[in-house]
Amino acid sequence: MEMEGRAPEETMKTSQFKIAAYTLCTLFVFGGCVTLPPVPADKNLLISVATGTSRETILLKLGEPSASFEQGRILTYRIGADDDQGYFLLDRQVRWTNTKYSLVLVFDGKGFLTKHNLIPVR
Amino acid sequence: MWSRAIIHTGLVLSAISLAGCLIIPTDYYTDSSRQNTAEKPPETIIPGKTSLEEVLLKLGEPDETSSDETELWYDAAKVKAWLIVGDRGDYIIRHYLLVIRFDRNGVVESQRIEDLPDINLEYNLDPHFSKTPITLPAKGE
């Protein structure tokens, strides 16, 4: 009578594969549950946004804009707002969840802020 | 007159409920939608006059931009109705896509609202001045 079953090497490979699969599944499951740290809000975040401010100062304060137009002459930032703690910056996303304002900054040819507007989007 | 209207509405709602399907009209923005554009193009944007800079200063960052910056998309999504079928429910969502097109000088050429059902919008705008006509190969090639 022929013995049914698998060779020890094959069984080992199968169990290794199972462990790898379970590990991957666990990583995916927990990967979806990571809690992002809260974005620090700052009441003075937009204090440097004033006509005549240089582009460099704005970029150093606010970082990378969410969009730019006309070769960087116009920059936009997505801004969230907390009643108690102030404004905070948001990354560009497809949607506008948590975004309260769109900040539009227009610079002149020398790189100084000439116009700006904080537009409520939500 | 009002009581008659209420009775008629009640009868219609009852009939729909008994049929197993209830549609409740609503009109509010979805949680993730921008809320500063809507079903109609803004009157403050005037074709032939308003510049790209002015549009951005009025409406803010668009949802998408064509690679040559001659077309901006502003997408507002609204829940237009709740649909209840038996013990299940869903939302009916419509997207009001404001498409603003600019000429080569960066002045608004046209604006329109595209009323779309809730589909996955594919944000892959082509530059509208670089579209070339598709030429089909001749027979035998």
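Let me begin with the contacts within chain A of this predicted model. Among those between residues at least 6 apart in sequence, 45% join residues at least 24 apart. As for burial, 18% of the 122 residues of chain A count as buried.

The secondary structure of chain A consists of two helices and five strands. Along the sequence their order is α-α-β-β-β-β-β, the two helices preceding the strands.

I turn now to the partner chain. How many residues does each chain bring to the contact between A and B? Chain A contributes 18 residues, and chain B contributes 14 residues. Sorted by class, the chain B side that touches chain A comprises four nonpolar, five polar and five charged residues.

Next, the nonpolar core. The largest one has 28 residues, and those touching the most other members are A:Ile74, A:Ile79, A:Leu103, A:Leu105, B:Val55 and B:Leu56. Which elements supply at least two residues each? In chain A they are β2 (74-82), β3 (86-90) and β4 (101-107); in chain B they are α2 (52-59), β3 (71-85) and β4 (88-102). With five residues, β4(A) provides the largest share of this core. In general, nonpolar side chains in soluble globular proteins tend to be buried together.

Finally, I should like to single out one of these core residues, A:Ile74. Leaving aside residues up to four places away in sequence, A:Ile74 touches A:Ser68 and A:Phe69, as well as A:Val104, A:Leu105 and A:Val106. From chain B, A:Ile74 touches B:Glu53 and B:Leu56. Two of these neighbours, A:Leu105 and B:Leu56, are themselves among the core residues that touch the most other members.

Definitions and conventions. Residues numbered from 1 in each chain as written. Chains lettered and ligands numbered in written order. Predicted model: local features only at pLDDT ≥ 70, side-chain atom pairs only at ≥ 80, totals over all residues. Helix = DSSP H or I, 4+ residues; strand = E, 2+ residues; numbered from the N terminus. Buried ≥ 20, exposed ≤ 12 C-beta atoms within 10 Å, placed from the backbone. Contact = placed C-beta atoms within 7 Å. Nonpolar A, V, L, I, M, F, W, Y, C, P; charged D, E, K, R; others polar. Core = buried A, V, L, I, M, F, W, Y, C linked by C-beta atoms within 7 Å.
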